[in-house]
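Here are some notes to read alongside the structure if you are meeting it for the first time. Take the points in order, and keep the view open as you go.

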Amino acid sequence: MSLAAEAFVSQIAAAEPWPENATLYQPLKDDQILLSDCASSLAVQTYLRMCGLPVQVACKANAEYMSPSGKVPFVHVGNHVVSELGPIVQFTKAKGHSLSDGLDDVQRAEMKAYMELVHNMLLTAELYVQWCDDSTATEISRPRYSSPYSWPLNHILAYQKQWDVRRKMKAIGWGGKTLEQVYEDVSQCCQALSQRLGTQPYFFNKHPTELDALVFGHLFTILTTQLTSSELAERIRRCSNLLAFCKHIEHTYFKDKST
Amino acid sequence: MSAPDELFCWEGDWGLPSVDTDCLTILAYAKFAGAPLKVHKISNPWRSPSGSLPALRTSKGEVLSRPSDIIIHLRKQKYNADYDLSAREGADTLAFTSLLEEKLLPALMYTFWMECKNYVEVTRRWYAEHMPFPLSLFLPGRMQAGQLERLSLARGHNALEAGEELEKELYHDAVECMNLLSQRLGANKFFFGDSPSSLDAFVFGHLAPLLKAKLPNGKLQQQLKSLDNLTHFCSNILLLYFPTDGRENLSHKASSQAEGGDFDHVPNKRRKQILSALVAVGAMLAYALFTGILSIQHVHQRAIESSPGLPADEEEEEEED
């Protein structure tokens, strides 16, 4: 979303309350969605639950093409369509719902920095495992990604997506990494998060912030998703306080769904 | 460890030990950690062992080119600037490095490589002037293409056009990032107390070129200059760890200024002007003579004498057609 549009949206958004029929769109939950999209979607859902804003989840096969930025998930609230966690946080802030108001300047800087750490390392690692590890790409990512489409479109779209992701990896310098190095990066990232969390219930002590939602979204999805190798989840399990953190958030915000 | 590791990096200018962000980061880290590197400051990337700059050739003959790999290598050699940091501070380092990469780096790439005026007058000119002749013709353009591709892939849009909107978005993120850094630094000398760490090297590497380059379009630069503690942080590191580069630059600032103004200041200006005018006139005359626009006829003395009635000034005749 462009900046001018963003400013416009936040002006209008402030006037309207959060509607009851807000909808979050994501790819099909059982057959299609991939680890990275599922993690981002869970992060947004967690964030909205933390704010106490109701949202219905709608699964569409073409969610990726419906989104204004080409990335899932996105929310449809009243007359607005907003995609990805960062803009959604700004959007809810304009409506008067914010989780990070109680932080001071230094804490806010740290929160932003850790959110970028999750984007930069966890999300990139998820994409790498999905599309650059050949066995995962062949057995899981390509068939799932293309499941709603018929032959030959399914192959074309899946290979196109894989090609895009690989080019991106090359551009950001991850092209030459081995799977082992990527796992090592994930470990490093988890250790950093674990250190920052310490023994607190949330990253900034008693109150949840968007950082907690983002970290929970990614860690919980990695822990509960079956991949060809469980190495990614193993790396997270080594940090016991992160496991406790995930359980605690799941218990607090997803009690009704936890069957 | 017989021979020291060799580091190949871009030459310095503008009062910096190197003009490139990655090179600056590594140079600063090596200084902070006290690593004895043999530094080759070159301006021909083809002379580096990896074909790009920066590159580190270790004593075992390995070649590393990613800054994070080089820093990890130095750390393994016991040159660790982060030794005193607590685990929590180590985690903060990782987080703020990600913040720099995601938010500030795209805007820097835009300012130096995509913004037309800056690219033509500063970036391309600097690289073209410093590279040897045949490389200077195509390498700056190729470097730009690489940067643009990286920027567009990182943003996830395939079509990327330089324009108000893109600039605003990137600068918005970058200004936010600089504000966050400034708030995190506060009144400290370095990010984690009194001694510098790898995070200081990364921040210095990203901010110093923006601070010191003389950019014609300096919107982002202005923003940085308004954050006093970050500006002071950069100049402090330059003063403490790279005193020679700063001084060298001051001393040959005068000469470089004269060189820099090559287009306006030519020695023996008047003589060259007259010479070139003469050459031009000569060439035109030669052309006119050879193609027959102008012809010179020699009228014999005898012919003039035999016909005294004719005026003597018909010796030269101009025919135009």
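Where does B:Asp5 lie in chain B? B:Asp5 is found in the segment before E1 of chain B. Please keep in mind throughout that this is a predicted model.

1. **An acidic residue without a salt bridge.** Let us stay with B:Asp5 for a moment. This residue is buried, yet it has no salt bridge. The nearest side chain of opposite charge belongs to B:Lys60, and it is 8.3 Å away. A salt bridge needs a nitrogen and an oxygen within 4 Å, so B:Lys60 at 8.3 Å does not qualify as a partner. What B:Asp5 does have is a polar contact, side chain to side chain, with B:His73 at 3.0 Å.

2. **The surroundings of B:Asp5.** Which residues are in contact with B:Asp5, leaving aside its neighbours within four places in sequence? Among them are B:Leu37 and B:Lys38, together with B:Leu56, B:Arg57, B:Thr58 and B:Ser59. B:His73, the polar partner at 3.0 Å, is in contact with B:Asp5 as well.

3. **The sheet of chain B.** Next, look at the strands. Four of them form an open sheet in chain B, in the order E2-E1-E3-E4, and the pairing is mixed. The edges are E2 and strand E4 (63–64), each of which pairs on one side only. Strands of a sheet pair through backbone hydrogen bonds, either parallel or antiparallel.

4. **The parallel pair and its crossover.** In which sense do E1 and E2 of chain B pair, parallel or antiparallel? Strand E1 (residues 6–10) and strand E2 (residues 38–42) of chain B pair in the parallel sense, over five bridges. To get from E1(B) to E2(B), the chain passes through helix H1 (residues 21–33) of chain B, making a right-handed β-α-β crossover. One bridge to find in the view is that of B:Trp10, whose partner in E2(B) is B:Ile42.

5. **The antiparallel pair.** On E3 of chain B (residues 55–57), the picture changes: this strand and E4(B) run antiparallel and are joined by two bridges. B:Leu56 stands opposite B:Leu64 in E4(B). You have already met B:Leu56, as one of the residues in contact with B:Asp5.

6. **Chain A in outline.** How many helices and strands are there in chain A? There are 11 helices and four strands. Of the 259 residues in chain A, 51% are buried. Among contacts between residues at least 6 apart in sequence, 75% join residues at least 24 apart.

7. **Helix H6 and its packing.** A helix to try next in chain A is H6 (residues 134–145). Its buried residues include A:Thr136, A:Ala137, A:Ile140 and A:Tyr145. A:Ser141 and A:Arg142 in this helix are buried too. Against which helices do the buried residues of H6(A) pack? They pack against helix H3 (63–66), helix H5 (105–132) and helix H7 (153–171) of chain A.

8. **A link between two helices.** A:Glu184 and A:Arg235 meet through their side chains in a salt bridge of 3.2 Å, N to O. A:Glu184 lies in helix H8 (residues 179–197) of chain A and A:Arg235 in helix H10 (residues 231–237), so this pair ties together parts that are 51 residues apart in sequence. The two ends are unlike in exposure: A:Glu184 is partly exposed, at 44% relative accessible area, whereas A:Arg235 is buried, at 6%.

9. **A residue beside that link.** A:Ser187 also lies in helix H8 of chain A, and it is buried, with a relative accessible area of 6%. Not counting residues up to four places away in sequence, A:Ser187 touches A:Arg235 and A:Arg238. A:Ser187 and A:Leu122 are 65 residues apart in sequence, while their C-alpha atoms are 9.6 Å apart in space.

10. **Other salt bridges.** Over all chains, a search of the whole structure finds 20 salt bridges. One of them joins A:Arg237 to A:Glu234, with the closest N and O atoms 3.4 Å apart. These two residues are three apart in helix H10 of chain A, so about one helical turn separates them. In chain B, the side chains of B:Arg66 and B:Asp69 meet at 3.7 Å. Finally, A:Glu110, A:Arg196, B:Asp92 and B:Arg184 are joined into one network by salt bridges that share partners.

Methods:
Residues numbered from 1 in each chain as written. Chains lettered and ligands numbered in written order. Predicted model: local features only at pLDDT ≥ 70, side-chain atom pairs only at ≥ 80, totals over all residues. Heavy atoms only, no water. Pairing = 2+ DSSP bridges. Right-handed = clockwise from strand over helix to strand, strands pointing away. Buried < 20%, exposed > 50% of the residue type's maximum accessible area, 1.4 Å probe, protein only. Lys, Arg positive; Asp, Glu negative; His and termini not counted. Polar contact = N/O pair within 3.5 Å; in protein donor to acceptor, adjacent residues only side chain to side chain. Contact = heavy atoms within 4.5 Å.
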